[in-house]
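Hi,

Here is the structure I promised to pass on. Have a look at it first, and then read on for what turned up.

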Amino acid sequence: MNILFSGNSKVFDGVLTCMLSILKRTKVKDAFNFYVMTMDVSHIKPEYTAISVEDIKALDKIAKTYNQNNQVIRLDVTDIYMREFANSPNEQCYCSPYTLLRLFMDLIPDIPDKMLYLDVDIMFNRDIALLYDIELGNYEYAAARDHYGKFLINPNYINAGVLLFNVKMIKRTGLLKKARKLIKTKKLMFADQDAIYKSTIRKKMLPQRFNDQKFLHPHTVVRHFSKRLFYLPYPHTENVKQWQLSRMYRVFGYTRFDDILYEYMYWKGKHIRNEI
């Protein structure tokens, strides 16, 4: 199974927690390839530096404790970003330029024919095979609806935090090539997400349980810790991530991920002490 993340030097905790949730909830014995797209664009903001080789080596060693054939692979796409998107209208997009990196997937040599892109603020509640084994056929990708966008934008507006890509098909249709053109030429409210949505020819819509951005049900496969609206004690938004342990327990009170988060704390401590 091939998994793609993207981000800067601050995504270690997100990649680790998500990766552990996959490894601990999955029954299949097949090996995983975890790809992490990154770049250094510290000229935009000082904190926009690439995830380090040391962090990737630590993640790789942790993954191999589950299966010696697991791999964590670092993809530095700084050169591609500077060629494609430097000074584009969406460089200062709503989140960060790192959300745009998934749009380079078709430019990576030897990229697998099937790839599951995941935001790092995601935890698997059930076996990843329930999602990864979905047959894509002639669809470019499979995605669930955006919790708020399906009401405010379009009933089939997608959330791009979980995208199961049919890489062969998107190369044939030019999906990401068209999306990159939009990023370079038009200011978009939700940048990469809008660009993918507007460039799609044929997508497979998934039930909300494959990207639940608000609730955690027993049938939830993917819990996406994205920003959400709360109505009490007054209308406000919270952007609580799974690795922010005290906030996550205080706001959501989840215990379903305790085994994963205990192991995360163990490995994070060893990593801080340079023991991995």
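Helix 1 covers residues 12–25, which makes 14 residues. From its first C-alpha to its last it reaches 20 Å, close to the 20 Å expected at 1.5 Å a residue. Keep in mind that this is a predicted model. Of the 14 residues in helix 1, 13 are buried, so the helix is largely enclosed by the rest of the structure.

Strand 2 (residues 33–38) gets similar treatment: 6 of its 6 residues are buried, so the strand is largely enclosed by the rest of the structure. Both of its faces are covered. On one side you have Asn33, Tyr35 and Met37, on the other Phe34, Val36 and Thr38, and all of them are buried.

What does strand 2 pair with? One partner is strand 1 (residues 2–6), joined to strand 2 by 5 bridges, and the two run parallel. If you want a spot to click on, Leu4 stands opposite Tyr35 of strand 2. Between those two strands the chain passes through helix 1, and this β-α-β crossover is right-handed.

Strand 3 (residues 71–76) also pairs with strand 2, again in the parallel sense, over 6 bridges. Here Asn33 has Gln71 of strand 3 as its bridge partner. To get from strand 2 to strand 3 the chain goes through helix 2 (residues 53–64), and this β-α-β crossover is right-handed too.

Now for a couple of backbone oddities. Asn87 has a phi near 65°, a positive value in a residue other than glycine. You'll find Asn87 in the loop between helix 3 (78–84) and strand 4 (114–118). Is Asn87 buried or exposed? Its relative accessibility is 72%, and exposed starts at over 50%, so Asn87 counts as exposed.

Ala191 is not a glycine either, yet its phi is positive at about 40°. This residue belongs to helix 8 (residues 191–199). With 0% relative accessibility, and with the cut-off for buried at under 20%, Ala191 counts as buried.

Last, the surface. Which residues form a nonpolar patch there? They are Phe151, Leu152 and Ile153, and together they have about 380 Å² of accessible area. Leu152 sits in helix 5 (residues 149–152), and with a relative accessible area of 71% Leu152 is exposed.

That's the lot from my side. Shout if anything is unclear.

Cheers

How values were computed. Residues numbered from 1 in each chain as written. Predicted model: local features only at pLDDT ≥ 70, side-chain atom pairs only at ≥ 80, totals over all residues. Heavy atoms only, no water. Patch = residues over 30% accessible without salt bridge, like charges linked within 9 Å, V, L, I, M, F, W, Y side chains within 5 Å. Areas by Shrake-Rupley, 256 points an atom, 1.4 Å probe, with all protein chains shown as cover. Salt bridge = Lys/Arg side-chain N within 4 Å of Asp/Glu carboxyl O. Helix = DSSP H or I, 4+ residues; strand = E, 2+ residues; numbered from the N terminus. Buried < 20%, exposed > 50% of the residue type's maximum accessible area, 1.4 Å probe, protein only. Expected span 1.5 Å × (residues − 1). Pairing = 2+ DSSP bridges. Right-handed = clockwise from strand over helix to strand, strands pointing away.
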